[in-house]
Amino acid sequence: EALDMCKSTDDMSEVPEGFRALYVEDDMFLQLTMPLTTFDIVSVPYDKAGDGQEALDMCKSTDDMSEVPEGFRALYVEDDMFLQLTMPLTTFDIVSVPYDKAGDGQEALDMCK
């Protein structure tokens, strides 16, 4: 649904109300630079996590992680093919979070056009 929300408007400066991204990256340099070429360009509010566990901790609004908020969908952006295949098995699949994958930031932005 998050992608559908992005696709619903040609004006990417219009972020749907309540939309917020969670950027998970363990590389400190990418944590600082990637948002400059993605989230900041399209004015998407975001939070950063240094690893998957920190991201899961940030997302825990209740003790029951089986309840994913209605309409929530993750966008997993990873250029490493091995991690693209294995990481969702240890994160999104465990907590039953629907997700889409992109190989890089540009592909992720293109998915929202």
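In which helix is Gln53 found? Gln53 is found in helix H3, and that helix makes a friendly starting point for a walk through this predicted model. At 47% relative accessibility, Gln53 counts as partly exposed, because that value falls between the 20% limit for buried residues and the 50% limit for exposed ones. Gln53 also links distant parts of the sequence: Thr91 is 38 residues away along the chain, yet the C-alpha atoms of the two are separated by 8.7 Å.

Let us step back and look at the whole chain. There are five helices and four strands, and reading along the sequence you meet them in the pattern α-β-α-β-α-β-α-β-α. The chain has 113 residues, of which 28% count as buried. Its accessible surface comes to about 7600 Å², and carbon and sulfur atoms account for 55% of that. If you take the contacts between residues at least 6 apart in sequence, 61% of them join residues at least 24 apart.

Now for the interior. The largest nonpolar core is made of six residues: Ala21, Tyr23, Phe39, Val42, Val44 and Leu109. One of these, Leu109, touches Thr37, Thr38 and Val42, leaving aside residues up to four places away in sequence. Apart from this core lies another, with five residues that include Ala74, Tyr76, Phe92 and Val97.

Two of the residues just named, Ala74 and Tyr76, lead us to strand E3, which covers residues 74-77. Side chains alternate along this strand: Ala74 and Tyr76 point to one face and are buried, whereas Leu75 and Val77 point to the other face and are not. Beside E3 we can follow its partner, strand E4, residues 99-102; the two run parallel and are joined by four bridges. Leu75 has Asp100 as its bridge partner in E4. Strand E4 has two faces as well, a covered one with Asp100 and Ala102 and an uncovered one with Tyr99 and Lys101.

Another strand worth a visit is E2, residues 46-49, where Ala49 lies. Is Ala49 buried or exposed? Ala49 is buried, because its relative accessible area is 1%, under the 20% limit. Its neighbours, not counting residues up to four places away in sequence, are Leu22, Tyr23, Val24, Glu25, Gln31, Glu54, Ala55 and Met58. Glu25 is 24 residues from Ala49 in sequence, but their C-alpha atoms are 6.4 Å apart in space.

Gln31, also on that list of neighbours, belongs to helix H2, residues 28-37. Gln31 counts as buried because its relative accessible area is 13%. Beyond residues up to four places away in sequence, Gln31 touches Tyr23, Glu25, Asp26, Lys48, Ala49 and Gly50. Tyr23 is part of the largest nonpolar core, and it appears among the contacts of both Gln31 and Ala49.

Met58, one more residue touched by Ala49, brings us back to helix H3, which spans residues 52-59. At 41% relative accessibility, Met58 counts as partly exposed. Together with Leu22 and Val24, Met58 forms a nonpolar patch on the surface, with about 220 Å² of accessible area in total. Leu22 and Val24 are also touched by Ala49, so this buried residue has contacts with each of the three patch members.

Key. Residues numbered from 1 in each chain as written. Predicted model: local features only at pLDDT ≥ 70, side-chain atom pairs only at ≥ 80, totals over all residues. Heavy atoms only, no water. Buried < 20%, exposed > 50% of the residue type's maximum accessible area, 1.4 Å probe, protein only. Contact = heavy atoms within 4.5 Å. Areas by Shrake-Rupley, 256 points an atom, 1.4 Å probe, with all protein chains shown as cover. Core = buried A, V, L, I, M, F, W, Y, C linked by side-chain atoms within 4.5 Å. Patch = residues over 30% accessible without salt bridge, like charges linked within 9 Å, V, L, I, M, F, W, Y side chains within 5 Å. Salt bridge = Lys/Arg side-chain N within 4 Å of Asp/Glu carboxyl O. Pairing = 2+ DSSP bridges.
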